[in-house]
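Visitor: I am new to protein structures. Could you show me how to read one?

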Amino acid sequence: MAYDYEYLKKEVMALTSIDLNAYKEKQMKRRIDTLITKNRIVGYDQYVHALKTDQARFDEFVNYITINVSEFYRNPDQWQIMDKTVIPELIAKFGKNLKVWSAACSTGDEPYSLVMALSRHIPLNQIKITATDLDKQVIAAAKQGLYSEKSIAAVPDDFKKKYFTKVGPSYKISDEIMARVEFKEHNLLKDTYPTDYHMIVCRNVLIYFTEEAKDEVFRKFSKTLCRGGVLFIGSTEQIINYKDVGFDRKNSFFYQKP
């Protein structure tokens, strides 16, 4: 048997339900090869054996390939558009009980940013965010609510003072913000999508997917949203064929279901 990258992809799918075929192969293979070298393992067959027998290595692998890079209020100018335009328009259309999904939420920076952004318009106790990721390690980290100074650098000053407490070198987000977010495991490429949401935030994740996988996710996002609902994507993820996948373009980063 040839223990090549095709073999690894099949084994990873069986072990984790993560379909590596949906990721850009050159990028993903390079990342995995780097991790195998770091672990001083030779060959995909030995690495698969390690994943099957060593929980720590398995957890490390899932965490590593799911590319968890996040920070609060990433690209602040885009969050200003959300604050000044998107949220007020959604409230005018749907009222204050907005259903919001933070997809591929990583360590929680984004859903917690959403709670704070919404709190300028909606009483905190009325806000509820559903936040999902396929990596249970990052969900566990999100539930801890501890962040570095760099991670919270772009948080508006009034929110920093109100909702963060310094704990050693880290910053702990307040329980009242954390209570507004419900975390769940979800695989964008495999699991059933929810329905009737008013806003989806999914940023800086799909850049790692193939064009076919991206289109499939965008189509599913469109089905998830109510008519008039909004998708907020990352600064490097413009949807060129937005009409084909079920959206109108509000601007470079916000797309609306017609």
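Guide: Let us go through a helix, a core and a strand in turn. This is a predicted model, where local features need pLDDT of at least 70, side-chain atom pairs count only at pLDDT 80 or more, and totals for chains, interfaces and linings use all residues. Residues are numbered from 1 along each chain as its sequence is written, and side-chain values use heavy atoms, leaving out hydrogens and water.

Visitor: Which residues of helix H3 are buried?

Guide: An α-helix has 3.6 residues a turn, so residues three or four places apart point the same way. In H3 (residues 44–53; helices are DSSP runs of H or I, at least four residues, and strands are runs of E, at least two, numbered from the N terminus), the buried ones are Tyr44, Tyr47, Val48, Ala50 and Leu51. They lie on the same side of H3, because their arc around the axis is only 155° (taken from the directions from the helix axis to the C-beta atoms). On the other side, His49 and Thr53 are exposed. Buried means under 20% relative accessible area, exposed over 50%, and partly exposed in between (1.4 Å probe, protein chains only).

Visitor: What do the buried residues of H3 pack against?

Guide: Helices H1 (5–16), H2 (25–38) and H4 (55–65), with contact meaning heavy atoms within 4.5 Å.

Visitor: And where is strand E2 placed, enclosed or open?

Guide: Five of the five residues of E2 (residues 129–133) are buried, so E2 is largely enclosed by the rest of the structure. Ile129, Ala131 and Asp133 cover one side, and Thr130 and Thr132 the other.

Visitor: Which strands pair with E2?

Guide: Two strands pair if DSSP finds at least two bridges between them. E1 pairs with E2 in the parallel sense over four bridges, and E6 (residues 181–185) does so over five.
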